[in-house]
Amino acid sequence: MSPVPLVSVLMPTFRQANFLPRAVESLLAQTFTDWELVIVDDGSPDDTAEVVRPFLSDPRTSYTRLARNVGLGAALNHATALARGRFLAYLPSDDVYYPEHLERLVGVVEAKPDVDLAYGGVRWAYHHEGPTLRGEGAVGHEADFLGLPPDTRAQPTSGNVLALVQVMHRRSERVPRWPERTERVSDTLEADFWRGLLAAGARFAYAGATTCEWVSHPDQRHRIIAGVPGGLSRYRAYHGIGRGEYLNFQPSRGMRVDERARYGRFERPPPPPKSESLHILLVGSLGFNPERVLALEERGHRLSGLWLPEPETWDATGPFPFGHIEDVPLDDHWADRVRALRPDVIYAGLNWHALPLIERVLDARLGIPLVFHFKEGPFICHEKGLWPTLVRLLRGSDGQVFISPENREWFRLALGGRLDESRTYILDGDLPKLDWFTDDWAPKLSHADGEIHTVCAGRPLGLEPLSELARHGVHVHFYGTHFHEWFPNWTRAGLESGYLHLHPTVEPEDWVRELSRYDAG
């Protein structure tokens, strides 16, 4: 080992073998050379180890591979424990230092003993540049800007001020631990850490020039968690988080859920199969209330899943923490894997995003009956060029499930009457599991004030203009913090009317108690 370096550069990495060489080369090109590089590979399934090997000839570089993926926070804590330097800097393996980055930051903290953290200006998304991700105004006012709503000029919806790549700070007892995945998953990881430093009395300082680049790409952590596409299902799939590992998923944008609180009650061994049991291959996504498929397991059916690869925040795809669903990788050999599994039936759905995948399954001619359950999106299919795909699936599937009789009739007419109704069934696409329905009914609000109270527990589509409902004295109770954020103008106008009332997301165990207060939904 070399003598103790002045700066430890921490490089957590996961599935970024193609980015990593550029990041390391940018460190090797630094004008400041008294550093060590601590690479912590968070269980990457790619060839990261092979890519790193040539760089290990430099004695300043070390490499540790964790046995399994534990998340960015835990990887950073592991790297911090290995680091020996007086100052800690960060170089995520998809980002880049400019040659004078470390020299400038070291110069700030050595010249100003009262400064705990120095940062360089950052170029992000190739054409944006600023001292911070929130612009020039945040310099010297970092604590204030960390408490503001997200800046539309910045990529992260979390309102973060500093990308990891910008920062170097002193080692001291006031430096907090990085929040780990076992506690919470959020794209506010960095912002929460900076807030922790500031709360402990740390002072920040700007180094006076752009010194690094925050590289924008679809697999950035904040985009996987809170981007489009992004969300819980994409995060679980990307990191290979399987059955039995529950997440408290709290993105700055999108659907939030504490999986253990919601699904922990369903942790039980599957019942033994029965003579009439089926092997069902689920294809696509499950939308809301994915635990409903456990009703099939509880009746002895075996489940496998071939999932939509890039789900939106409201799509539910495997791997799931609950149940015993066998996930089929969507790789070049998925069709062979499905044939080897020999399922009795394919149950495919649910929304327009899944149509291309379902069409691939239909085209594979697996010789397995395919039931197509379509919940929503015929008009979006027009917009996205997927209407021919939708028509083909409706005509080519062995059975169709529609969400209502009216929905079935609409499609019958849209298909020119070419719909064999004997092969159709009616079932809500997001039908909740029976477990959530209790006898805990509440008195109606209308009984107390004599006015009409209705509820919207999702997107407020079709509720415009709200002023008309208000004019007729109809109160609308709007649930879901993430929905309030998605429809800010509608929400603001509704609140001005006095007839819109905002409520946080109502969890399934409270559905009956909470939602039975209203006259209609």
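Visitor: Which residues have the most contacts inside the largest nonpolar core?

Guide: Val-7, Val-9, Tyr-97 and Leu-102 have the most contacts inside this core of 38 residues. The model is predicted: local features need pLDDT of at least 70 and side-chain atom pairs pLDDT 80 or more, while totals for chains, interfaces and linings use all residues. Residues are numbered from 1 along each chain as its sequence is written, and side-chain values use heavy atoms, without hydrogens and water.

Visitor: Why is this set called a nonpolar core?

Guide: The term denotes buried Ala, Val, Leu, Ile, Met, Phe, Trp, Tyr and Cys residues joined through side-chain atoms within 4.5 Å, buried being under 20% relative accessible area (1.4 Å probe, protein chains only). Helix α4 (101–111) gives the most to the core, with 5 residues.

Visitor: What makes Leu-427 partly exposed?

Guide: Its relative accessible area is 31%; partly exposed lies between the 20% limit for buried and the 50% limit for exposed, so Leu-427 belongs in that class. With Tyr-425 and Leu-431, Leu-427 makes a nonpolar surface patch of about 280 Å². Such patches require over 30% relative accessible area and no salt bridge (Lys or Arg side-chain nitrogen within 4 Å of an Asp or Glu carboxyl oxygen), with nonpolar side chains joined within 5 Å.

Visitor: How do you know that β17 and β18 pair?

Guide: Pairing requires at least two DSSP bridges; β17 (residues 399–402) and β18 have 3, in the parallel sense, so they qualify. Phe-402 has Ile-426 in β18 as its bridge partner. Strands are DSSP E runs of at least two residues, and helices H or I runs of at least four.

Methods: Patches are made of residues with over 30% relative accessible area and no salt bridge: like charges are joined within 9 Å, nonpolar side chains (Val, Leu, Ile, Met, Phe, Trp, Tyr) within 5 Å. Accessible areas come from the Shrake-Rupley method with a 1.4 Å probe; for residues, only the protein chains shown count as cover.
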